Each structure stands twice: as structure tokens, then as C-alpha cells.
Amino acid sequence: MQKRTVGRSHESARFRLVMGVVALLAAITSWNELGSQARAAEADEVEIALSLAKLLQAGRSVISSNQDLINDPSKGDKGLSGDVVLAKTVENFRQDTGLDPMEVDPQSRLGRLLRAEMAVIKQVVDENQSFINQQGVGFKAFIPAVFARLVTERLGDRVGEELEIKVTAPPALVRNRKSRPDDWERNIIESRFLSLEWKPGEIFYQEQPNRGRDAFRVMVPEYYAESCLTCHGEPKGEMDITGYPKEGATEGDLGGVISITLYRQQE
């Protein structure tokens, strides 16, 4: 009888061991599934942030490429209505990303936010027609940086509970106080983007609360191109066309950062 009891004890211990292993494997599987879901959600948020940044850059490029036309004092109507600028913006975006924003599901978060941004791009250009088309005046001050700031402000008015975009820069380069980096942005700029070890063009993202709310934040570094140096290049200290002293930058220097905050949806 005792021998049989010991045998049953071994069987019971073996059973508990097997069930323990099964439970552990189930937990590992669950953790892996949760990890995969988290990585997928993170990838989706990065895609959304980068798409919104790309659309802003595409619109800014349209304004940049038309500066001579905008500042031509001999012309009135420049033919740069909100619809025209938006169409050119979408074309630039398609070429850069291979994605047609109009074909993105409008019920998806990406689709909704892209459409909101396209709407405010049109709105900002239409609101500034009197400046763009003013005859007899050269420099209109409707430059890419002003366009981008106005777009991000109007976007905040429209979808600010869900999204915030700001074009900022290292503090020494900030010309408008509204564009100053917050403490978190400044830390990323100084510890990452300005580091010699940082790979140029590499973005930074992480879960990071903002304004007391849970959020996913993405930072996209931008670098001076040759066309930027008219206002930001040499000689350092010389006044540019906007009335600000030039920074003495060279092509490839860090010139700004697009900071995107995607707020967590409230349940």
C-alpha cells in the first residue's frame, strides 16, 4: 500500500510539473502576443506620425518653390488658391511616399488625420490670398516656416484632442517663441539629434505624456538644404529678407524638428 501511495505521489508531482510547464508556456505565448500587439500598435502610430509629417513637408515644399511668384510685385492673382496648393501638395506626397492620401480609409485614424491636415492646408492658403496676391509689394512674409506654423495651429484647432504637431528646433535657432521646444523635445534634440553618434535622418519616438495626458510622441529631424541657406546660412549675423540675423548654417546641419504628439484615445 505504501508503495502504491508513493507512486501516486510521484504521479501527482509529475502532473503538477506538467501543468506548471503548460501554464508557463501559455503565459509566454500570451506575453508574446501582447508584445506583438504592442509592436503592431507602435508601428501604426509611427506610420501615422510620419505620414502627417510628410504631408506637412510636401505642402511646405510647394510654398518654398513658389516664393519668387508669391513675392513678385508686378503680379496680382498668382493662381495659388487653396485648391491649387493642396493639389500640388498631394502630388508631392504621392511622389515621396507612394501613398495617395485620398485612397486611405477615411474611417481609419490615419485617413481622418490626413484629411484634417489637407483641409487646413487649403484653409491656410485661402485665408492668406490677400497677402499672396497683393500687387506692388515684394516680400509678402508668407514663407514656408510661416505656412507650416499656421497649418499646425489650425490643425490643433480642428483635432487638438487627438493630435498636436509643432515645428521646433534647437533653442538657439528658434525665431518664433511659439516654436520653442518643451523640456522633453529639448532633451531629445540635445541628447540625440545633436549627438555625433546619431545617424542623420533617424527619427525618435516613445511613449511620453504631454500636457498631462498619455501620448505617443515622434520627433522627425530636418536638415538645412541649399535653398534654406538664403535665410539661414552665411555670413552669420547678416540680416536676411525676413529681418532675422542669419545663423551661419551649412547644408546638412540640423535646422529643425517636426514634433508629433498622438494622444491616447479616451475609453
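Which residue follows H3, and is its phi positive or negative? Gly98 comes right after H3, and its phi is positive, near 75°. The views below come from a predicted model.

**View 1. Helix H3 and its buried side.** H3 runs through residues 82-97, 16 residues in all. From its first C-alpha to its last it reaches 22 Å, close to the 22 Å you'd expect at 1.5 Å a residue. Look for Gly82, Val85, Leu86, Thr89, Val90, Asn92 and Phe93, which are buried. They sit on the same side of H3 because they cover an arc of only 165° around the axis. An α-helix has 3.6 residues a turn, so residues three or four places apart point the same way.

**View 2. The open sheet and helix H7.** Here 4 strands line up in the order E1-E4-E3-E2, with antiparallel pairing. At the edges are E1 (163-168) and E2 (204-207), each pairing on one side only. From one strand to the next, the twist averages 15°. Helix H7 (residues 183-193) packs on this sheet, where it touches E1, E2, E3 and E4 (254-263). The direction of H7 makes about 50° with that of E3.

**View 3. Where E2 meets E3.** These two strands pair in the antiparallel sense over 4 bridges. For Glu207, the bridge partner in E3 is Phe216.

**View 4. Pro221 and its surroundings.** Pro221 belongs to strand E3 (residues 215-223). It counts as buried because its relative accessibility is 7%, under the 20% cut-off. Among the residues Pro221 touches are Phe193, Ile203, Leu254 and Val257. Leu194 is 27 residues away from Pro221 in sequence, and their C-alpha atoms are 9.9 Å apart in space.

Note on methods
Residues numbered from 1 in each chain as written. Predicted model: local features only at pLDDT ≥ 70, side-chain atom pairs only at ≥ 80, totals over all residues. Heavy atoms only, no water. Expected span 1.5 Å × (residues − 1). Buried < 20%, exposed > 50% of the residue type's maximum accessible area, 1.4 Å probe, protein only. Arc of directions from axis to C-beta. Contact = heavy atoms within 4.5 Å. Pairing = 2+ DSSP bridges. Axes fitted to C-alpha atoms, helices over the stretch in contact; angles between N-to-C directions.
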